[in-house]
Structure formats: structure tokens, C-alpha cells
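Here are my comments on the structure you sent round, set out as numbered points. I begin with a single side-chain pairing and then widen the view.

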Amino acid sequence: MAVIEGEDIFVASDDVFRGVAVDPAGLVEGPEAFGARLARSLATWKGREYRLVWLEVPIARADLIPVAVAQGFIFHHCEPSRITLTCQLVAGVTVPLPATHYIGAGGLVLNSRGELLVVVEKVHRHRQPNYYKLPGGALLPGEHLVDGVLREVREETGIETRFVELVGFRHWHGYRFGKSDIYFICRLDPLTEEIRVQESEIEMCMWMPLGDYLAAESVGIFNKRMVSTALGGTGLRRGWFEGYGAPETHEIFLVPGGDDER
């Protein structure tokens, strides 16, 4: 990635799609000086046939946002400490979408006595007092699916587990803040069985006989079907392809029996 410099314009770097990203470390001027330099920068980059500008503004420099908007920038995505804006230098240029989905995982933990690990969340205790669900929750940024589901089960129930297979997932539109949601169900084996409830979020946690869970009217059909599917042992196993990415940044799940299963 080349660094773009020039007289009295912002330092920036280019990308393979002929876009240019402003170095946020250079946003040290007041709104008036910032606006003048931004105008010169936009004219220069457009003359060099760049197509799109990315501008990241830290929350401490929020006073610069109206200035950028006045010169054609629009919001793209926001994080707690910064907002990213874009400006099209060529009309109709393709702009990559911001993140559109939440990702979560639930742990289907079945012990040797045929009991399923279930929780009742405090958020449901009044309108659905016996809403037994699988422990789980949202993945953290940069967290692998397997690591996330093991962590969530451990945090909510105190149970240590081992990943076995990916049973299935649900894709749902119209979730929180208008985003979509993907929720994975993972079969886990318990390594411990002593429950330690996360009191801040969980009203109740227990080992429930599998038959009672499948017969409970308060249990949703999706969870029941996932449990029934898991009993067949036909899920995807965690695997790896040598030469593809790195285990620190990539996860692969495969049909059981392949040479790349691990």
C-alpha cells in the first residue's frame, strides 16, 4: 500500500480499489484549517484519479465531522472511539458495506447421564419464567467461534467444555438496530459438572434430563430441533487446510471423515 504525500494535503494511503485513506494521526488542526486542507486534498486526489476517500475521525476531534459532511462526506460506520466517513470522488463508485450482522453461539452440552445444560436468563424471568435455553451469547471482536462458545458457557455456568462439532445455525433478519444475526449451535462435551451461575445475567442454571427438555412447552422449536440433530452426530468438525491463512485468523469446519479434520 503506497503512502500518498504532497504539499499541504493530508498524508494518506491508497488501496487496490483506487481508494485513499486519510491518516487520522494528521487531523491535528482546528475546523477552519482542517476544512481548507481537506478541500485541497480532495481536489488533488480527484486529479490523480482516485475514486473514494476514507476519513476516520476520533471522538476527540468530533468538531471536524460537520466540516467533512459539508464537503461531501457521509457516515459509513461507527465505533465507541471513532467514526469513519466516506466521500465519492467518482459518482456511483462501489463502496464496501459496513458490517451487517451480529454473530453469536450457543453451547449444546450433554453429559454422560443424558442431561442437558440449560439456563434461564434474568431478562426472560418475568414474561417467560421457565424459558430454558442453551447457554451462549455474542462473540467478541477477533474471537474464534470455538473460543467464543467455550467462553460463554464457562462465564454463564462455570462449566468447562470441549468443542465437538458444529450442529447448525440460524440466520435472522430484523435483529437489534436493524442488523441481521447468525447464531451457531455447537455440540460440546463437559469437562466439569459443578455449576457456578453468573449471577449478573442468569436466573437459574441446571442439568435437565434430555426428555424433560424436549417435552417442555417453554422450549422453542429451534432449540429442540438442534438438540435432536446433535444426537445424530452428523455435525461439522473443526478442521484445517495447510497453506490457507493462519489458525490465528481463520477457522474451518468440515464434514467428518476428511483428511483435513483435526
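**Notes on the model**

1. The side chain of Glu143 forms a polar contact with the side chain of Arg151, at 2.7 Å. Please keep in mind throughout that this is a predicted model. Glu143 itself sits in the loop that runs between β9 and α3, and, once neighbours within four places in sequence are set aside, Glu143 is in contact with Gly148 and Arg151.

2. Is Glu143 buried or exposed? Its relative accessible area is 18%, and because the cut-off for buried is under 20%, Glu143 counts as buried. Arg151, its partner in the polar contact, is also listed among the buried residues of α3.

3. The helix that carries Arg151 deserves a paragraph of its own. Helix α3 covers residues 145–157, which makes 13 residues, and spans 18 Å from its first C-alpha to its last, close to the 18 Å expected at 1.5 Å a residue. Just after α3, Gly158 adopts a positive phi of about 80°.

4. How many of the residues of α3 are buried? Ten of the 13 are, so that the helix is mostly covered; among them are Leu145, Val146, Gly148, Val149 and Leu150. Asp147, which also belongs to helix α3, has a relative accessibility of 38% and is therefore classed as partly exposed, a class that lies between 20% and 50%. Between the C-alpha atoms of Asp147 and Thr86 the distance is 34 Å, with 61 residues separating the two in sequence.

5. Turning to the pockets, the largest has a volume of about 730 Å³ and is lined by 28 residues, with Glu121, Lys133, Arg170, Tyr175 and Tyr183 lying nearest its centre. Which element gives the most to this lining of the largest pocket? That element is α3, with four residues, while the elements that each supply at least two residues also include β7, β9, β10, β11 and α5. By class, the lining of the largest pocket comprises eleven nonpolar, seven polar and ten charged residues.

6. The second largest pocket holds about 290 Å³ of space, and its lining brings us back to the opening point, since Glu143 is one of the lining residues, together with Leu145, Phe184 and others. Here the largest share of the lining, three residues, is supplied by β7. The lining of this second largest pocket is made up of eight nonpolar, two polar and one charged residues.

7. Two further positions may be worth inspecting. Leu89 lies in the loop between β6 and β7 and, with a relative accessibility of 10%, is counted as buried. Leaving out residues up to four places away in sequence, Leu89 touches Leu42, Trp45, Lys46, Tyr50, Arg51, Leu52 and Val53. Its C-alpha is separated by 9.2 Å from that of Gly19, although the two residues are 70 apart along the chain.

8. Ser41, the second of these positions, is found in helix α1, residues 31–47. Its relative accessible area is 0%, and Ser41 is accordingly classed as buried. Beyond its neighbours within four places in sequence, Ser41 is in contact with Ile9 and Phe10.

Conventions. Residues are numbered from 1 along each chain as its sequence is written. Side-chain values use heavy atoms; hydrogens and water are left out. The expected span of a helix is 1.5 Å times one less than its number of residues. Buried means under 20% relative accessible area, exposed over 50%, partly exposed in between (1.4 Å probe, protein chains only). On a 1 Å grid over the protein atoms alone, a cavity is a set of points where a 1.4 Å probe fits but cannot get out, and a pocket is an open set with protein on both sides within 12 Å along at least five of seven lines; lining residues have an atom within 4 Å of a point. Grid points are joined across faces, edges and corners, and a volume is the space filled by probe spheres set on the points. Ala, Val, Leu, Ile, Met, Phe, Trp, Tyr, Cys and Pro count as nonpolar, Asp, Glu, Lys and Arg as charged, and the others, Gly among them, as polar. A polar contact is a pair of N or O atoms within 3.5 Å; within protein, one must be able to donate a hydrogen and the other to accept it, and residues adjacent in sequence count only if both atoms are side-chain atoms. Contact means heavy atoms within 4.5 Å.
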